[in-house]
Amino acid sequence: LTAGGRGAGAGGAGGAGGGPGADGDKGFDAYVRRRDRFLTAFPDLRRVIVSMEVADDGAQVLTHWEWHGQHTGEYRGVDYDGTPLLLAPTGASVVCSGVSIDGVRDGRIVRHMVFYDEAALRAQILKVMNEARARDGSTPATLAAKDAIAAQPSAPPLAIDAAVALIDHACGDGLTLVDGSSHPARVLYASKAFEAISGWTSEEISNSPAGLRVLAGDLTNPAALARFDEAFRTSAPARVLVVHYTKSGEPYVSLCAVAPCTPSAELLAAWRARAVYSAAVAAEAMALEHAGDLGDEEEATAKAEEGGASGFAFEPDDGAPWSARTRELVAAARADARMVSLVESGALYTVAHMDMSHIPAGHAGVVGGGGAAAAAAAAN
């Protein structure tokens with residue numbers, strides 16, 4: 001998330017943030033420079049106001065907006081590690097969503113802050129850029145995934161490592177990898193940034209049968225939860241402004257971006273091959289423990305390769321004295337096969353969690369007055 005106030009990065013676009021940006025600049029001249037940065041990259045930028053709330057007797061205005069534009073100019077900024085960023089024109093048609101908070105005094109705007117989805121903006125540009133480079137397999141995500149695929153089977157399963165490598169180049173404040181085919185949607189992985197925001201570790205939330213709903217609480221609007229379910233059901237990207245709760249029970253506002261994970265055909269083929277290999281290694285380990293016989297080993301491996309990733313049927317009997325390593329290999333093979341199945345069926349999703357906790361869950365700028373009911377209605 002990029003913000004012209006609390007948060008990382010420079011102020012937003014069309015409008016650009018009036019608060020301090022990545023370079024520490026503030027004031028009207030800095031606002032114009034940041035605005036011009038977006039107009040240079042997206043000369044045909046068109047802005048639409050989605051909703052507007054006026055609070056504190058007109059002293060504060062909260063605006064939810066989005067803008068559309070084509071990336072025909074250089075996009076300059078600051079990368080997440082603080083280094084200069086330059087994205088050459090790609091022709092990508094992009095949509096950027098964000099929230100502006102304006103302080104008003106005597107009919108004039110005296111404070112302007114913008115929080116927008118920088119990660120999603122870059123992802124749209126990089127998608128077009130990477131598609132142009134995909135023919136030679138030179139995209140950073142593909143190379144990172146291939147490196148992971150070359151590793152031996154281990155826990156956590158490689159397919160999750162590869163998926164994280166694929167999406168790690170476009171993550172927001174926090175990131176989760178979600179199985180959209182389950183209800184409620186189960187979390188497969190959570191990034192360190194998500195752990196810092198929510199207080200839940202990746203292992204804890206992955207093991208929770210409540211999935212993403214473990215973040216819900218009294219102020220969470222059921223309609224917002226229904227929008228998550230709809231996004232998973234229809235495979236349509238969605239933005240959901242919702243009140244979530246930390247593990248310790250503290251409410252905060254989160255802007256969540258839901259999107260299906262759609263890797264290239266080349267990477268999907270590598271995942272399939274990896275899952276078959278993982279199954280064969282597990283079958284080999286089981287055959288060796290069962291008989292220590294080369295013939296059994298070859299037969300088990302051949303059956304695993306013949307059945308493919310989803311056809312892996314060499315599951316250890318719970319009563320059998322399998323070693324911990326063999327059980328680990330079998331668990332990795334099952335998880336790899338499951339991940340391939342989710343990707344092939346379009347049920348694997350990324351959810352970027354953008355921390356909006358600078359807006360308290362009960363603040364009038366969010367809830368528009370009315371306490372818990374209004375908070376739930378606003379975070380919708």
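Lys247 sits over the face of the Trp200 ring, 5.7 Å from the ring centre. This is a predicted model. Elsewhere, aromatic rings pair with each other, and the count comes to six aromatic pairs. Strands S3, S6 and S7 add antiparallel pairing: S3 with S6, and S6 with S7.

**Phe38 and Trp67**

- Phe38 and Trp67 are an aromatic pair, and their ring centres lie 6.0 Å apart.
- Their planes meet at 75°, and planes over 60 degrees apart count as edge-to-face, so this pair is edge-to-face.
- Phe38 belongs to helix H1 (residues 28-41), while Trp67 belongs to strand S3 (residues 60-70).
- The pair therefore ties together parts that are 29 residues apart in sequence.
- Are these two residues buried or exposed? Phe38 is buried, because its relative accessible area is 0% and the cut-off for buried is under 20%.
- Trp67 also counts as buried, at 0% relative accessibility.

**Phe38 and Tyr75**

- Phe38 also forms an aromatic pair with Tyr75.
- The centres of Phe38 and Tyr75 are 5.7 Å apart, with 65° between the planes.
- This pair is edge-to-face.
- Tyr75 lies in strand S4 (residues 75-78) and Phe38 in helix H1, so the pair ties together parts that are 37 residues apart in sequence.
- Tyr75 is buried, with a relative accessible area of 0%.

**The ring cluster**

- Which residues do ring pairs link into a cluster? They are Phe38, Phe42, Trp67, Tyr75 and Tyr116.
- Of these, Trp67 lies in S3, and Tyr116 lies in S7.

**Strand pairing**

- S3 pairs with strand S6 (residues 93-105) in the antiparallel sense.
- How many bridges do S3 and S6 pair over? They pair over 11 bridges.
- One of the residue matches is Glu66 with Ser97, its bridge partner in S6.
- S6 is also joined to strand S7 (residues 108-116), by eight bridges.
- S6 and S7 run antiparallel.
- Tyr116 in S7 is the bridge partner of Gly98.
- In a regular strand, side chains alternate between the two faces of the sheet.

**The S6 and S7 hairpin**

- S6 and S7 form a hairpin with two residues between the strands.
- Asp106 takes a positive phi in this hairpin, near 55°.

Terms used:
Residues numbered from 1 in each chain as written. Predicted model: local features only at pLDDT ≥ 70, side-chain atom pairs only at ≥ 80, totals over all residues. Heavy atoms only, no water. Phe/Tyr/Trp six-rings, centres within 6.5 Å; stacked < 30°, edge-to-face > 60°. Helix = DSSP H or I, 4+ residues; strand = E, 2+ residues; numbered from the N terminus. Buried < 20%, exposed > 50% of the residue type's maximum accessible area, 1.4 Å probe, protein only. Lys NZ or Arg CZ within 6 Å of the ring centre and 35° of its normal. Pairing = 2+ DSSP bridges.
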